[in-house]
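Reader: I would like to learn how to read a model like this one. Where do we start?

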Amino acid sequence: MPEATPAGSTNPVPQPHAPHPSQASALRRWAGPLGAIVLLLASCAGMSVVGLPVDTPVAALASTLTMVSLGGGLALGYLLGAMGWGRLVVRVLAKDSPSAVWLQLPCGLGLALFASHMLGVLGLLSGPGGIIGAWAFVGVGLVVLAHQVTSGELRPERWPVAPVWLWLGAPALGLTLVAASSPPGWLWGSEGGGYDVLSYHMQLVKEWLSGSEGLLGAGRLWPVEHNVYSYLPSYMEGAFLHVAAMVGAGSAPDALVAGDGLGVVGAQMLHTLVGLVGALTVARCVWVALDRASVPGWCARFGACCGAAMVLGTPWSVVVGSMAYNEMVLVTLGAGAVLVSLDGGSSALKRAIVAGALVGVAAGAKPTGVFLLGPVAGLALLAYAPKRKWVPMVLVGSVAGVAVMAPWLVRNFLAGGNPIFPFGTDLFGSAHWSAEQVARYGAAHRFDGTLMDRIGLLFSSDRGIMHAQWVFVFPMSAVCLVIACVWRQTRTLGVVLVLGALGGLAAWLALTHVQSRFLVPLVVPLATGFGLACGWLAHAGHE
């Protein structure tokens with residue numbers, strides 16, 4: 001069977017003939033979710049007491065579960081509201097997609113990040129009315145999602161049987177949740193004790209809350225001259241601001257750290273759960289590819305869960321995913337761009353719009369997303385579309401990507417005259433900076449070594465793919481990607497993943513100051529390739 005529907009085809013991908021929950025045995029219905037929950041709780045319990053005196057385990061576990069429940073509940077509310085909004089996006093751009101429900105996750109997240117940024121710029125997340133603005137957006141999404149669960153495509157009787165392989169990712173997720181329930185600043189030596197969180201990601205949220213330029217007479221998401229990173233798009237920081245507003249920090253900025261730091265922990269939990277959404281989206285990509293390859297259902301589910309487990313279990317994912325960072329947004333939106341590219345139920349141009357917008361929002365969260373995700377997303381789009389559609393797809397995808405970043409461009413232009421400041425200072429001006437400040441920033445954010453120096457760092461244990469927090473991910477994924485390329489049924493996707501990963505590595509070498517953490521978005525092609533190979537091995541063993 002061919003690995004994909006013919007280029008340009010609008011026929012939906014065949015669905016597996018999995019048993020309905022009511023037809024499956026109780027063991028089959030509950031083994032997956034209950035086993036995953038037990039392992040998740042066991043992981044939380046075990047990691048909560050590591051390094052603590054033996055007489056404090058109960059208190060430590062209670063503290064962890066409290067923060068996971070409160071902060072995680074806040075973040076979960078934001079993401080479920082985003083999923084509801086995603087339903088509206090999918091209705092317009094991917095209504096007939098067999099992965100429509102799955103696309104709600106990344107599409108809804110992308111829309112929510114865009115909306116949080118806009119609400120923050122307008123000052124609607126600050127002041128006494130900030131909590132109203134924050135919950136109004138989330139509430140509408142929750143209502144839409146509730147309707148979908150009670151009367152739409154997500155009615156419980158339509159839910160599939162959860163695979164037992166869910167167990168694979170539970171321990172890593174538990175570890176990440178425990179770390180995310182901890183105060184920033186003392187975990188993870190590789191991150192300087194949370195320096196970026198304390199000086200940038202959450203510090204900006206605090207300053208935006210305490211300003212006085214918004215429509216409601218309070219603060220707004222706007223560049224501040226003493227912190228250059230405030231001139232970056234800040235879409236994920238806008239989401240952190242949104243979560244803080246949900247706990248009332250808009251009317252009392254001290255609420256950001258009041259109540260055991262619920263605003264900060266909520267932001268960390270949001271990033272953790274965004275990583276979980278990324279894992280689920282990668283799992284769906286793997287499942288679609290394996291299903292098209294006529295792999296038996298249980299093998300496809302096994303491969304999908306293996307791909308998700310790699311996303312969650314990569315040490316760098318645990319480190320960055322437990323902090324108020326932005327890398328896991330790139331993983332989730334990048335996986336969404338690949339998933340929509342595999343879709344056989346939407347037109348080529350609609351797929352390009354969705355993929356382009358997702359990459360654009362990813363760049364709004366972290367500008368490196370443009371060149372770390374662009375190769376794999378673009379190649380996937382073109383690989384599953386007729387050649388006559390390539391030029392219009394590139395055009396509409398590019399327009400969509402720029403459109404979702406337009407608010408940042410306008411904001412920066414109004415604030416300093418340079419729409420992409422602190423970049424492009426030679427072309428658009430240096431805003432409030434002197435020539436010395438421009439030179440200092442450039443020196444701190446580029447690597448001046450030779451090409452061979454860069455390649456040497458790529459394979460170093462300090463700044464490259466052999467960093468301890470990558471463990472064996474790159475070598476193991478390389479083997480798996482070779483399997484995906486050799487296997488005829490997944491060859492096209494395998495080649496796309498290889499070229500996308502190589503393109504990302506090349507961009508990392510040429511355009512960044514070569515830090516190992518910046519490679520996290522490449523988890524998308526690596527984990528997808530890993531899942532494909534695991535599915536193939538299960539299939540080969542089954543035969």
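**Reading pockets, cavities and backbone**

Author: Start with the second largest pocket and its lining by class: 22 nonpolar, 14 polar and 8 charged residues. Keep in mind that the model is predicted.

Reader: How much space lies in the second largest pocket, and which lining residues are closest to its centre?

Author: The volume is about 1,100 Å³. The lining counts 44 residues, and Tyr229, Tyr441, His445, His513 and Phe518 are the closest to the centre.

Reader: Which elements give two or more residues to that lining?

Author: Five helices do: H6 (195-210), H12 (348-365), H13 (369-383), H14 (390-416) and H16 (435-444). H6 provides the largest share, with 5 residues.

Reader: Take H12 from that list. How do I check the span of a helix?

Author: Use the rise per residue, then compare with the ends. At 1.5 Å a residue, the 18 residues of H12 should span 26 Å, and the end C-alpha atoms are 26 Å apart, so the two values agree.

Reader: How many of the 18 residues of H12 are buried?

Author: The cut-off for buried is under 20% relative accessible area. In H12, 15 of the 18 residues are buried, so the helix is largely enclosed by the rest of the structure.

Reader: Now the closed spaces. How many cavities of 30 Å³ or more does the structure hold?

Author: There are 3 of them. The largest has a volume of about 80 Å³. Its lining has 13 residues, and those closest to the centre are Pro183, Pro184, Gln268, Ser322 and Met323. By class, that lining divides into 9 nonpolar, 4 polar and no charged residues.

Reader: What lines the second largest cavity?

Author: Its space is about 60 Å³. Among the lining residues are Leu173, Thr176, His271, Thr272, Val311, Ser317 and Met328. Helices H5 (170-180), H8, H9 (297-313) and H10 (315-321) each give two or more residues to this lining. The largest share, 4 residues, comes from H8. The class split is 6 nonpolar, 6 polar and no charged.

Reader: Let me follow H8. Is Leu270 buried or exposed there?

Author: Read the relative accessibility and apply the cut-off. Leu270 sits in H8, residues 258-292. Its relative accessibility is 1%, so Leu270 counts as buried.

Reader: What does Leu270 touch beyond four places in sequence?

Author: The contacts are Ala75, Tyr78, Leu79, Met236, Ala239, Phe240 and Val243. For a distance along and across the chain, take Met466. It is 196 residues from Leu270 in sequence, and their C-alpha atoms are separated by 28 Å.

Reader: Loops next. Where is Gly194, and is this residue buried or exposed?

Author: Gly194 is in the loop between H5 and H6. At 0% relative accessibility, Gly194 counts as buried. From Gly194 to Ala283 is 89 residues in sequence and 30 Å in space, C-alpha to C-alpha.

Reader: How do I read backbone angles? Which residues have a positive phi without being glycine?

Author: Look at the sign of phi, then at the residue type. Two cases are Ser234, with phi near 65 degrees, and Ser294, with phi near 60 degrees.

Reader: Where do Ser234 and Ser294 lie?

Author: Ser234 is in the loop between H6 and helix H7 (235-246). Ser294 is in the loop between H8 and H9. Their accessibility falls in separate classes. Ser234, at 1% relative accessibility, counts as buried. Ser294 has a relative accessible area of 41% and is partly exposed.

Reader: And omega? What is the peptide bond from Phe421 to Pro422?

Author: Omega tells cis from trans. Here the bond is cis, with omega near 15 degrees. Pro422 lies in the loop between H14 and helix H15 (425-428).

Reader: Last, confidence. What is the mean pLDDT of the protein chain?

Author: The mean is 88, and 90% of the residues reach 70 or more. Check the stretches as well as the mean. Over residues 1-17, pLDDT stays under 50. For that stretch the model has 45 contacts beyond four places in sequence.

Definitions and conventions. Residues are numbered from 1 along each chain as its sequence is written. This is a predicted model: local features need pLDDT of at least 70, side-chain atom pairs count only at pLDDT 80 or more; totals for chains, interfaces and linings use all residues. Side-chain values use heavy atoms; hydrogens and water are left out. On a 1 Å grid over the protein atoms alone, a cavity is a set of points where a 1.4 Å probe fits but cannot get out, and a pocket is an open set with protein on both sides within 12 Å along at least five of seven lines; lining residues have an atom within 4 Å of a point. Grid points are joined across faces, edges and corners, and a volume is the space filled by probe spheres set on the points. Ala, Val, Leu, Ile, Met, Phe, Trp, Tyr, Cys and Pro count as nonpolar, Asp, Glu, Lys and Arg as charged, and the others, Gly among them, as polar. pLDDT is the predictor's confidence in each residue, from 0 to 100. Contact means heavy atoms within 4.5 Å. The expected span of a helix is 1.5 Å times one less than its number of residues. Buried means under 20% relative accessible area, exposed over 50%, partly exposed in between (1.4 Å probe, protein chains only).
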